[in-house]
Amino acid sequence: MKLCISLDLPTAKENIQLVKEVNKLNINDELWLKVGFRSFIRDGQEFLEELKAINNNFKLFLDLKLYDIPNTMADAAFEIANFGIVDMFNVHASAGQIAMKTVMQRIKAVPNRPIVLAVTALTSFDNDNFRAVYNEDIDTKARKFAIDAYDSGIDGVVCSAHESKDIKSCTSDDFITLCPGIRPFGEDSQDQKRVADLNFAKEEIVDFIVVGRPIYKSIEPKEVVNKILNNI
Ligand code: C5P
């Protein structure tokens, strides 16, 4: 299991400060950094380069959850892949199989193309709110989205830890699961509805855990990262 730290702080300076602090740990494990809407819209590709400049071994996950018509999604995916420094990005599985296949087709010739994940159900949904949008229960629909993504040649999914094992059983053990909504040691769930702690994530054979607020809102982020790494 790998740790992916969510860089969702209000300014680039604070995100960089957090990463520099974490970098003091001299980590040997693969450490991932997640750059989402807020940071990327504000700080762009330059910010990605700044992160790599801190430690070239950091892996970058660009969490933009692409959702549009197939050609537009594929164009965006191609641009991301051509940055040359993004190791993983994501699309919405609800954009459909044609969109996912078009994305994979478009980036397949890019050398060392990034890993591509598809978002199944956002972890902020509870079942009632999910049903109101998709007219189906979360676990049933998440499984269907995962199979669609798998059949489209996508590398894995973003899902809740509660669905990870089930998704692997109906796709493949190698099909990557990346799970937000992780509260490593039972911290406050905030707006997340389907949370999981480290032990549960391990039992569910999660490949990547995404942790944001429990790290960056802590008074000692470096220590929290250290404790997580020691427990995975
Ligand atoms: O602070 P917290 O640990 O809840 O952060 C979770 C991160 O994962 C946020 O950046 C959020 O946008 C992202 N995310 C999520 N649920 C998804 C996909 C991404 O919470 N399904």
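Helices (H or I, at least four residues) and strands (E, at least two) are DSSP runs, numbered from the N terminus. With that in hand, here is a tour of the ligand site. This is a predicted model, in which local features need pLDDT of at least 70 and side-chain atom pairs count only at pLDDT 80 or more, while totals for chains, interfaces and linings use all residues. Residues are numbered from 1 along each chain as its sequence is written, and side-chain values use heavy atoms, with hydrogens and water left out.

**Around the ligand**
- Among the 17 residues around the ligand (a heavy atom within 4 Å), D8, K34, T123, G212 and R213 come nearest.
- That shell divides into seven nonpolar, four polar and six charged residues; here Ala, Val, Leu, Ile, Met, Phe, Trp, Tyr, Cys and Pro count as nonpolar, Asp, Glu, Lys and Arg as charged, and the others, Gly among them, as polar.
- β3 (59-66), β8 (208-211) and α9 (213-216) each supply at least two shell residues.

**Atom pairs with ligand oxygens**
- The side chain of S6 has an N or O atom 3.0 Å from a ligand oxygen.
- For R183, a polar side-chain atom lies 2.8 Å from an oxygen of the ligand.
- G212 uses its backbone: a polar atom there is 2.8 Å from a ligand oxygen.
- The protein buries 86% of the 470 Å² that the ligand exposes when taken alone (Shrake-Rupley method, 1.4 Å probe).

**Lining of the largest pocket**
- Pockets are found on a 1 Å grid over the protein atoms alone, as an open set of points where a 1.4 Å probe fits, with protein on both sides within 12 Å along at least five of seven lines; lining residues have an atom within 4 Å of a point.
- By class, the lining has 13 nonpolar, eight polar and eight charged residues.
- β3 gives the largest share of this lining, three residues.

Note on methods: A polar contact is a pair of N or O atoms within 3.5 Å; within protein, one must be able to donate a hydrogen and the other to accept it, and residues adjacent in sequence count only if both atoms are side-chain atoms.
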